[in-house]
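Here are some notes to go through with the structure open in front of you. They go point by point, starting with strands and ending with the way the chains meet.

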2 protein chains.
Amino acid sequence: MSKIQHRNLYREVADRVRKLIEHGELAPGERISEKQLCEQFGVSRTPLREALKVLASEGLVLLLPNRGARVVQLTLKTVKDTYDLMGALEGLSGELACQHISDDEIEAIVALHERMLGHYRNRELAEYFEVNRKIHESLLAASRNEVLQEMYNNLSQRVKRVRYSKKMTDSFWRQAVNDHENMISALKKRDGKQLGQILRNHLCNKLEIASLSDEHADDTLPG
Amino acid sequence: MSKIQHRNLYREVADRVRKLIEHGELAPGERISEKQLCEQFGVSRTPLREALKVLASEGLVLLLPNRGARVVQLTLKTVKDTYDLMGALEGLSGELACQHISDDEIEAIVALHERMLGHYRNRELAEYFEVNRKIHESLLAASRNEVLQEMYNNLSQRVKRVRYSKKMTDSFWRQAVNDHENMISALKKRDGKQLGQILRNHLCNKLEIASLSDEHADDTLPG
DNA sequence: TGAACGGATTTTGGATGCATAATACATTTG
DNA sequence: CAAATGTATTATGCATCCAAAATCCGTTCA
């Protein structure tokens with residue numbers, strides 16, 4: 001039987017607000033009305049307010065004393081900075097993964113890689129991204145560093161919104177696939193230094209993609 | 001005149017609990033009694049509980065549903081992992097700093113470096129660490145990446161407790177100073193790649209220091 | 001006409017109250 | 001005597017309440 005989930009209301013609420021933000025139902029910069037959300041969720045203000053505190057320290061929400069909460073409005077600079085950080089974290093995950101990864105895990109990643117190549121050849125963007133995500137996730141898991149994973153997930157959550165709107169030019173896509181070829185080769189050799197270096201630069205590409213597609217939506221916030 | 005501090009109670013409380021944890025007045029693994037802290041601070045449970053939520057998502061406190069809060073008990077593994085992460089972040093800060101740092105800032109860091117060397121020669125450990133911290137802080141600031149700074153500060157806060165108990169062997173100390181010499185040289189050349197690489201490894205030394213002095217205190221927690 | 005003032009309304013921050021889950025402890029029972 | 005059970009106590013989770021701050025809005029006055 002499955003473990004009883006002792007989930008508190010504030011966690012539940014935090015999860016749901018996170019999703020609202022992620023899917024844009026709470027727009028960037030939008031004021032978050034406690035009253036409205038309380039009614040929407042059917043909870044009192046206490047758990048909602050606790051949830052907002054959590055979301056604030058996760059960087060998703062801005063809390064202005066006596067003036068309520070707003071959805072954090074990402075600036076282009078912040079997104080760029082976040083991608084830089086994620087690049088460094090991916091780099092570390094690659095280095096560590098080479099130290100700890102099992103043969104089976106490598107095999108699994110190689111299999112994912114093959115699948116990804118298929119999607120690339122068929123120009124199936126959504127499927128490509130999904131498998132791509134799984135590869136990076138597998139490396140992160142193979143790093144055996146939970147603090148790293150926690151931090152990466154947090155950053156990833158922050159920029160999820162803009163990631164949704166990314167576009168992929170042909171040359172970027174080819175470059176990304178090329179990176180992946182090199183990654184696999186480094187991984188097979190368990191060459192941490194090299195894998196780390198590839199990964200540190202790899203996400204920088206994604207960054208440029210994001211910056212291209214989001215120039216319009218961002219820069220709207222002071223800062 | 002100074003800016004009016006619109007500080008909420010829960011922030012104040014969070015700061016104070018953070019300090020209690022940092023200075024060991026709340027011991028690792030210790031149960032945090034809401035009632036007791038409320039009385040100690042003279043506040044009601046609401047702001048205290050909000051503060052605990054924040055501290056939990058900062059990784060300082062563990063919240064067990066219906067079973068109260070405990071101070072996170074760091075395992076040796078977690079400390080190691082955290083240092084690895086901080087190394088990666090320092091590496092990034094070095095790379096970015098080389099892109100953005102001004103001549104004045106470099107000068108200031110070089111000055112700090114000279115001061116640090118003095119403390120090294122005089123074997124003034126506390127002063128050495130203080131100046132050392134300032135150097136790394138300056139680099140972090142020069143990275144112009146606020147997300148990076150936020151993350152680094154968070155991680156740093158988590159391991160502050162164990163940092164207090166670190167010991168410095170002569171050979172480690174010499175190695176650290178040697179790293180710093182190379183850092184300064186890379187910084188003057190604004191060689192981001194090199195500075196990044198030095199910094200990524202630099203903190204690993206500190207890690208070993210921590211692991212030496214904390215073997216006894218940690219490993220006491222499941223996980 | 002528009003900037004400034006002031007009261008009414010809304011919203012936030014913090015304290016308190018109440019139901020329920022967890023813990024402690026005494027009692028029972030094998 | 002130890003394990004198990006039941007009860008009393010305590011702590012937690014959530015809702016509600018109240019005071020203070022911010023916002024809204026109509027009026028006044030330059």
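1. Let's start with one pair of residues: Leu62(B) sits opposite Arg70(B), which belongs to β3(B). Bear in mind that this is a predicted model, where local features need pLDDT of at least 70, side-chain atom pairs count only at pLDDT 80 or more, and totals for chains, interfaces and linings use all residues. On labels, residues are numbered from 1 along each chain as its sequence is written, while chains are lettered from A and ligands numbered from 1 in the order in which they are written.

2. That residue pair is part of the antiparallel match between β2(B) and β3(B) (residues 69-71), which are joined by 3 bridges. Helices and strands here are DSSP runs, numbered from the N terminus: H or I over at least four residues for a helix, E over at least two for a strand. Two strands count as paired if DSSP finds at least two bridges between them. As a reminder, strands of a sheet pair through backbone hydrogen bonds, either parallel or antiparallel.

3. Zooming out, chain B has an open sheet of 3 strands in the order β1-β3-β2, with antiparallel pairing. β1 (31-32) and β2 (61-63) of chain B are at the edges with a single partner strand each, so one side of each has no neighbour in the sheet. Helix α3 (residues 45-57) of chain B lies across β2 and β3 of chain B and runs at about 110 degrees to β2(B). Axes are lines fitted to C-alpha atoms, for helices over the stretch in contact, and angles between N-to-C directions run from 0 to 180 degrees.

4. Over in chain A, 3 strands make an open sheet, again written β1-β3-β2, with antiparallel pairing. Its edge strands are β1 (31-32) and β2 (61-63) of chain A, each of which pairs on one side only. For β2(A), the antiparallel partner is β3 (residues 69-71) of chain A, through 3 bridges. Val61(A) stands opposite Val71(A) in β3(A). α3(A) lies across β2 and β3 of chain A, at about 110 degrees to β2(A).

5. Now for the helix pairs. α2 (residues 34-41) and α3 (residues 45-57) of chain A pack at about 115 degrees, with axes 10 Å apart. That makes α2(A) roughly perpendicular to α3(A) (under 35 degrees counts as roughly parallel, over 145 as roughly antiparallel, 65 to 115 as roughly perpendicular, the rest as oblique). The crossing is right-handed (the near helix is turned clockwise from the far one by less than a right angle; anticlockwise would be left-handed). Glu34(A), Leu37(A) and Cys38(A) of α2(A) make the contact with Arg45(A), Leu48(A) and Arg49(A) of α3(A); residues are in contact if their C-beta atoms, placed from the backbone, lie within 7 Å. By class, that gives 3 nonpolar, no polar and 3 charged residues (Ala, Val, Leu, Ile, Met, Phe, Trp, Tyr, Cys and Pro count as nonpolar, Asp, Glu, Lys and Arg as charged, and the others, Gly among them, as polar).

6. Another pair in chain A: the axes of α4(A) and α6 (residues 125-142) come within 7 Å and cross at roughly 60 degrees. That makes α4(A) oblique to α6(A), and the crossing is left-handed. Glu90(A), Ser93(A), Gly94(A), Ala97(A) and His100(A) of α4(A) meet His136(A), Leu139(A), Leu140(A) and Ala142(A) of α6(A). The class split is 4 nonpolar, 4 polar and 1 charged.

7. On to the interface, which takes 26 residues from chain A and 26 residues from chain B. On the chain A side, α3, α4 (76-100) and α7 (146-164) each supply at least two residues, and α4(A) has the largest share, 10 residues. That side holds 11 nonpolar, 8 polar and 7 charged residues.

8. Across the interface, α3(A) and α3(B) pack at about 30 degrees, with axes 9 Å apart, in a right-handed crossing. Arg49(A), Glu50(A), Lys53(A), Val54(A) and Ser57(A) meet Arg49(B), Glu50(B), Lys53(B), Val54(B) and Ser57(B). These divide into 2 nonpolar, 2 polar and 6 charged.

9. What turn lays chain A on chain B? A turn of 180 degrees does it, with a shift of 0.0 Å along the axis and an RMSD of 0.1 Å (least squares on the C-alpha atoms of residues with pLDDT of at least 70 in both copies). That is the relation of a two-fold axis. The same surface serves both copies, with 100% of the contact residues of chain A recurring in chain B.

Key: Two residues are in contact if their C-beta atoms, placed from the backbone, lie within 7 Å.
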